[in-house]
Number of protein chains: 2
Amino acid sequence: MKPDALRGHLDALLLATLDGRQLHGYAIIEALQQGSGGALDLPTGTVYPALRRLERAGHVVSDWSTVGGRKRRTYRLTQAGQRALNAERSAWREFTTVIDGVLGGGKWAQQ
Amino acid sequence: MKPDALRGHLDALLLATLDGRQLHGYAIIEALQQGSGGALDLPTGTVYPALRRLERAGHVVSDWSTVGGRKRRTYRLTQAGQRALNAERSAWREFTTVIDGVLGGGKWAQQ
DNA sequence: CTTAATAAGTAGCCGCGCTACGCATACCGT
DNA sequence: ACGGTATGCGTAGCGCGGCTACTTATTAAG
């Protein structure tokens, strides 16, 4: 998968990963890995700044905890984040509908 | 539609628009507009440089013509461009499958 | 005692879609 | 005659965000 295909869709992935559960950053990366069948292996330099952006935007909140001597910052959705997730999901549906239409419609659609 | 959602998918759109027909830049923009039901209104500053990139990459070739006193640069796919389009289409399918899985799989998939 | 796994983070690069222009011709309304 | 709109091509430069590469720290395995 080409690197910048994710552009503009990363927030949706992160919010969806946190939907209904709270996870720390490293666990989010693993969840994304497993949830995508290994297709998504996001580097920390992608995920951590994105989580900070989401927190600044008020879509997630974080709490520190220590588990087995390691410090974890655990994130969870806010109500605004839940709303943002809903918006991202419908934006994604609209986006794929549009692109699917163009990608598929070229050959057989007009006759 | 947020601006950079297209990131990494513009080439696919352009190649698909040129699939089976030859169009000049302005007509490509209109075709994209109509083919998307008005959702895609790409500025020339997006499309023209992208077409030049595709030409540099050998995916399209262009010929100049004059129609009604206006100069047109008409593009068409090369064989490499056709192959690139096929690759873009399957990459798109894979991409949407992955994102759909993550976006949909959060809540109800695992129980 | 070195390597790998777990865990968080930052600095800076780079590509590309977009904004904002410039240039030119044709057509339509008034 | 002239302004506005549509047609048509193009470039310069911004801005953003995902990525590379790096640092720091603790634990577990070998």
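Student: By class, how many nonpolar, polar and charged residues does the surface near DNA strand C have?

Tutor: This is a predicted model. In it, 27 residues surround DNA strand C. Divided by class, the surface near that strand has eight nonpolar, nine polar and ten charged residues.

Student: Which residues are the closest to DNA strand C?

Tutor: Elements that each supply at least two residues of this surface are H2, H3 and E3 of chain A together with H3 of chain B. Sugar and phosphate make up 64% of the atoms of DNA strand C that come within 4 Å of the protein. The closest residues are A:Tyr26, A:Arg72, B:Arg7, B:Thr46 and B:Arg53.

Student: How far is a polar side-chain atom of A:Arg72 from a phosphate oxygen of DNA strand C?

Tutor: Phosphate oxygens of DNA strand C have polar partners in chain A, including a backbone atom of A:Gly25 at 3.4 Å. An N or O atom in the side chain of A:Tyr48 is 2.9 Å from a phosphate oxygen of the strand. For a polar side-chain atom of A:Arg72, the distance is 2.4 Å.

Student: Which residues come nearest to DNA strand D?

Tutor: The surface near DNA strand D has eight nonpolar, nine polar and eleven charged residues. Of the atoms of DNA strand D within 4 Å of the protein, 63% belong to sugar or phosphate, and bases supply the rest. Among the 28 residues around the strand, those that come nearest are A:Arg7, A:Thr46, A:Arg53, B:Tyr26 and B:Arg72.

Student: Which elements give two or more residues to the surface near DNA strand D?

Tutor: Individual contacts come from both chains: the side chain of A:Arg70 has an N or O atom 3.2 Å from a sugar or linking oxygen of DNA strand D, while B:Arg7 places a polar side-chain atom 3.1 Å from a base nitrogen. A phosphate oxygen of DNA strand D lies 2.4 Å from a polar side-chain atom of B:Arg72. The elements asked for are helix H3 (44-56) of chain A, with helix H2 (25-35), helix H3 (44-56) and strand E3 (70-77) of chain B.

Student: Which residues of chain A lose the most area to chain B?

Tutor: The contact takes 31 residues from chain A and 31 residues from chain B. About 3,000 Å² is buried between the two chains, and carbon and sulfur atoms give 67% of that area. Together accounting for 23% of what the chain A side buries, the residues that lose the most are A:Trp92, A:Val102 and A:Leu103.

Student: Which element gives the largest share of the side of chain A that touches chain B?

Tutor: There are two salt bridges between chain A and chain B, and one of them joins the side chains of B:Glu88 and A:Lys2 at 3.2 Å, N to O. Helix H1 (10-17), helix H2 (25-35) and helix H4 (79-108) of chain A each supply at least two residues of the side that touches chain B. The largest share, 13 residues, comes from H4(A).

Student: Why is one side of strand E1 (23-24) and of strand E2 (60-67) of chain A left without a neighbour in the sheet?

Tutor: Three strands of chain A form an open, antiparallel sheet in the order E1-E3-E2. Strands E1 and E2 stand at its edges, so each has a single partner strand. Two bridges join E1(A) to strand E3 (residues 70-77) of chain A. In that pairing, the bridge partner of A:His24 is A:Thr74, and the reason asked for is the position of E1 and E2 at the edges.

How values were computed
Residues are numbered from 1 along each chain as its sequence is written. Chains are lettered from A and ligands numbered from 1 in the order in which they are written. This is a predicted model: local features need pLDDT of at least 70, side-chain atom pairs count only at pLDDT 80 or more; totals for chains, interfaces and linings use all residues. Side-chain values use heavy atoms; hydrogens and water are left out. A residue is near a molecule or strand if one of its heavy atoms lies within 4 Å of it. A polar contact is a pair of N or O atoms within 3.5 Å; within protein, one must be able to donate a hydrogen and the other to accept it, and residues adjacent in sequence count only if both atoms are side-chain atoms. Helices (H or I, at least four residues) and strands (E, at least two) are DSSP runs, numbered from the N terminus. Ala, Val, Leu, Ile, Met, Phe, Trp, Tyr, Cys and Pro count as nonpolar, Asp, Glu, Lys and Arg as charged, and the others, Gly among them, as polar. Two strands pair if DSSP finds at least two bridges between them. Contact means heavy atoms within 4.5 Å. Buried area is the accessible area (1.4 Å probe) that two parts lose on being put together, summed over both. A salt bridge is a side-chain nitrogen of Lys or Arg within 4 Å of a carboxyl oxygen of Asp or Glu.
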